[in-house]
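Reader: I'd like to go through this one with you and ask how you back up the words you use. Can we take it label by label?

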Amino acid sequence: MSDQPSPQSLRTEAIETLLIEKKLLTSEAIDTVLTTFSEQVGPMNGAKLVARAWVDQGFKARLLEDATTIVQEYGFEGGQVDKLIVKACSESVHHVVVCTLCSCYPWAVLGLPPRWYKDPGYRSRIVREPRKVLTEMGLTLPDTTSIKVWDSSAEIRYLVLPLRPAGTEDLDETALAELITRDAMIGVAAIETPS
Amino acid sequence: MDGIHDLGGQSGHSALGYLRNEPVFKDRWEATVFTMVRASAQAGAYTNIDQFRHAVERIEPKAYLEHGYYGRWLGAVETLFVEAGILTTAEITERAAHLGAGPDDLIAARPSLTKTQATGIPAKRNPVGEAPWFKVGDPVHTVQASPLGHTRLPGYARNKKGLITACQGLWPYPDLRAHGHGEQSQYLYTVSFKSLDLGFSEAFELNLDLFEPYLSLIETIL
């Protein structure tokens, strides 16, 4: 990082100071956002749902039927889940999520989206050549696995329920949750068997 | 509107820039912008998400690509504060210059088209209290449209055939709500497309959530 502040940070500071003077913004509100989205809202919330679905078939059925109610029951903050739909991967079908028009993303269960999810490469290509894009991202699917892409074009948000990896039969829900990654719940990675 | 934001299916953006780990906010200014967007809603600078998205879409294509996600939010939030009369471009530029910014550092967004000039795809009916027009299993055709205003029908899925796989109920209609016409709720459907029908060579299924005004029934000849 250079010593010179970027034009964007200066423009931000200009608006920020004007808004603080007009009592429309506080520094504390910015600190709260930083803390909330770094510590409380993130993929650890989605991972809780996935891990429980792996160990509890009844919960999995409810999650696939009405994830929105379950998110409300868990009380996850962060928003962007007016309606959440969970798509379960199987050996024959793989799901992957995008928002080509902006960068819609289920904040309450995944936190704020990573840079690549918002940038032109992923948004333009995952709806044209998903198998090639996933391979470039390190996920090579068998030819027998078909791909379903979910482009979040309205207010419904999507979460992928990844396959439980082999060799995890002895792990409990908490240990399983630690294996589950943000990228697997977007659908661009598989969960690795722990070594 | 047609624009750079409508990235789905475009060629030429080859780099994915994929990183497994990255911080939630790269710099504090990104978190500041995020908070300012919330503050702008609280201050009444915009009243719904569609207005905000349309403000992002009105950013110059070059700036849209170069400034990144929070840079786009910064452009949009400035536009919304200025259009709401809460801040002026001049006072922001003056303050930025005072802080050390150069004269060319404006993060530009195109000015808003007026309500009468711009909407997205028009609604065909008021369906509140009425049944959905389509049912699961209906073959549908998406409209060929190029509206000046906001729409959530991506370019790559216009004038294409698909299949209704779910009705998701009534939702505020972005094509009108973005332009201050109220909620004007319309039925939303999940529509499944075969990639080959979209003109893409790789075989897969593509799903979109599309509003009723974007769709027409394909009549099947018995």
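Reader: What makes you say that strand E3 of chain B is largely enclosed by the rest of the structure?

Author: This is a predicted model, so I'm going by its atoms. A residue is buried once 20 or more other C-beta atoms lie within 10 Å of its own. Seven of the nine residues in E3(B), which covers residues 186-194, are buried, so "largely enclosed" is a fair label.

Reader: How do you know that E3(B) pairs with strand E2 of chain B?

Author: Pairing takes at least two bridges between two strands. E2(B), residues 161-171, and E3(B) are joined by six, so they count as a pair. They run antiparallel, with Trp171(B) standing opposite Gln186(B) of E3(B).

Reader: And what makes E3(B) and strand E4 of chain B a pair?

Author: That's the bridge cut-off of at least two again. Seven bridges join E3(B) to E4(B), residues 205-211, and these strands run antiparallel too. Here Thr190(B) stands opposite Asp209(B) in E4(B).

Reader: Where do those strands come in the order of elements along chain B?

Author: From the N terminus, chain B reads α-α-α-α-α-β-β-α-β-β-β. That's six helices and five strands.

Reader: Let's turn to helix H5 of chain B. Which of its residues are buried?

Author: In H5(B), residues 89-99, they are Ile92(B), Arg95(B) and Ala96(B).

Reader: Why do you put them on the same side of H5(B)?

Author: Because the arc they cover around the axis is only 100°. There's a general reason to expect such patterns: an α-helix has 3.6 residues a turn, so residues three or four places apart point the same way.

Reader: What is exposed on the other side of H5(B)?

Author: Ala90(B) and His98(B). To be called exposed, a residue has 12 or fewer other C-beta atoms within 10 Å of its own.

Reader: What do the buried residues of H5(B) pack against?

Author: Helix H4 of chain B (68-83), together with helix H1 of chain A (7-21). "Pack" rests on contacts, with C-beta atoms within 7 Å.

Reader: What follows H5(B)?

Author: Gly100(B), with a positive phi near 115°.

Reader: Stepping back, what share of the contacts in chain B join residues at least 24 apart?

Author: Among contacts between residues at least 6 apart in sequence, 71%. As for burial, 41% of the 222 residues in chain B are buried. The C-alpha trace of chain B spans about 75 × 40 × 30 Å along its principal axes.

Technical notes:
Residues numbered from 1 in each chain as written. Chains lettered and ligands numbered in written order. Predicted model: local features only at pLDDT ≥ 70, side-chain atom pairs only at ≥ 80, totals over all residues. Helix = DSSP H or I, 4+ residues; strand = E, 2+ residues; numbered from the N terminus. Contact = placed C-beta atoms within 7 Å. Arc of directions from axis to C-beta.
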